Amino acid sequence: MHDTGLAGIYNARVLAADLATSGQPDAEELAAIATAGYRLVVNLALHDAEYALPDEAASVRALGMDYEHISVDFAAPTPEDLRNFFAVMDANAGRKIWVHCAANKRVSVFVGLWLHQRRGMPTDAAFAL
């Protein structure tokens, strides 16, 4: 990871030139994500959790990025959650996307499935990331 302020984001992983994941970024880290050229932030965390930013959507949009929130219950993700995530990712193909949740656990599973099913990455490689 480059020294652009991204390295300090909790559990941050750059998976491809157009895709990175992490745990919850703070306001300064969102600015670093924007500076690094990401155009869409996808949040899979719960909106009202204690770690959530007060108005992440507004913060992200003020930095010139788009924002999608799919509230995924860590203990009970649903097939609909995954379908919604795939739809957002597919609709934004070709854009530089940052996906996060609280700790990069929900994201790791959802992104791994998407990389395997949509980008054809072998399962072991998609989940090794």
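The points below comment on selected helices, aromatic pairs and individual residues of this predicted model.

1. Helix α3, length. Helix α3 comprises residues 79-91. Its 13 residues, at 1.5 Å a residue, should span 18 Å, and the end C-alpha atoms are 18 Å apart, so the expected and computed spans agree.

2. Helix α3, two sides. The buried residues of α3 are Asp81, Phe85, Phe86, Val88 and Met89. Viewed down the helix axis, the buried residues fall within an arc of 165 degrees, and therefore they line one face of α3. Pro79, Arg83 and Ala91 are exposed on the other side of the helix. The cover over the buried residues of α3 includes the strands β2, β3 (40-43), β4 (66-69) and β5 (97-100), together with helix α4 (106-119).

3. Helix α4. For the 14 residues of α4, a span of 20 Å is expected at 1.5 Å a residue; the end C-alpha atoms lie 19 Å apart, which agrees. Buried in this helix are Arg106, Val107, Phe110, Val111, Gly112, Trp114 and Leu115. Among the elements covering these buried residues are β1 (13-16), β2, α3, β5 and α5 (123-128). Helix α3 thus appears in the cover of α4, just as α4 appears in the cover of α3. After α4 comes Gly120, which has a positive phi near 70 degrees.

4. Aromatic pairs. Three aromatic pairs are present in the structure. One of them joins Tyr38 and Trp98 in an edge-to-face arrangement, with 5.1 Å from centre to centre and 90 degrees between the planes. Tyr38 belongs to the loop between α1 (27-35) and β3, while Trp98 belongs to strand β5, so this pair ties together parts that are 60 residues apart in sequence. A further grouping is the single aromatic cluster formed by Phe85, Phe86 and Phe110. Of its members, Phe85 and Phe86 are buried residues of α3, and Phe110 is a buried residue of α4.

5. Surroundings of Tyr38 and Trp98. Tyr38 has a relative accessible area of 3% and is therefore buried. Trp98 is also classed as buried, because its relative accessibility is 0%. The face of the Tyr38 ring has Lys96 lying over it, at 4.7 Å from the ring centre.

6. Thr21. This residue is placed in strand β2 (residues 19-22). Thr21 counts as buried because its relative accessibility is 3%. Leaving aside residues up to four places away in sequence, Thr21 touches Asn11, Ala12, Arg13, Leu15, Trp98, Val99, Asn104, Val107 and Val111. Two residues in this list, Val107 and Val111, are buried in α4, and Trp98 is the aromatic partner of Tyr38. With one neighbour, Asn104, Thr21 makes a polar contact between side chains, at 3.0 Å.

7. Asn104 and Asn11. Both residues touch Thr21, and each deserves a check of its backbone. Asn104 is located in the loop between β5 and α4; although it is not a glycine, its phi is positive, near 70 degrees. A relative accessible area of 7% makes Asn104 buried. Asn11 sits in the segment before β1, and it likewise has a positive phi, of about 55 degrees, without being a glycine. Asn11 is partly exposed, because its relative accessible area is 27%.

Methods. Residues numbered from 1 in each chain as written. Predicted model: local features only at pLDDT ≥ 70, side-chain atom pairs only at ≥ 80, totals over all residues. Heavy atoms only, no water. Helix = DSSP H or I, 4+ residues; strand = E, 2+ residues; numbered from the N terminus. Buried < 20%, exposed > 50% of the residue type's maximum accessible area, 1.4 Å probe, protein only. Polar contact = N/O pair within 3.5 Å; in protein donor to acceptor, adjacent residues only side chain to side chain. Contact = heavy atoms within 4.5 Å. Expected span 1.5 Å × (residues − 1). Arc of directions from axis to C-beta. Phe/Tyr/Trp six-rings, centres within 6.5 Å; stacked < 30°, edge-to-face > 60°. Lys NZ or Arg CZ within 6 Å of the ring centre and 35° of its normal.
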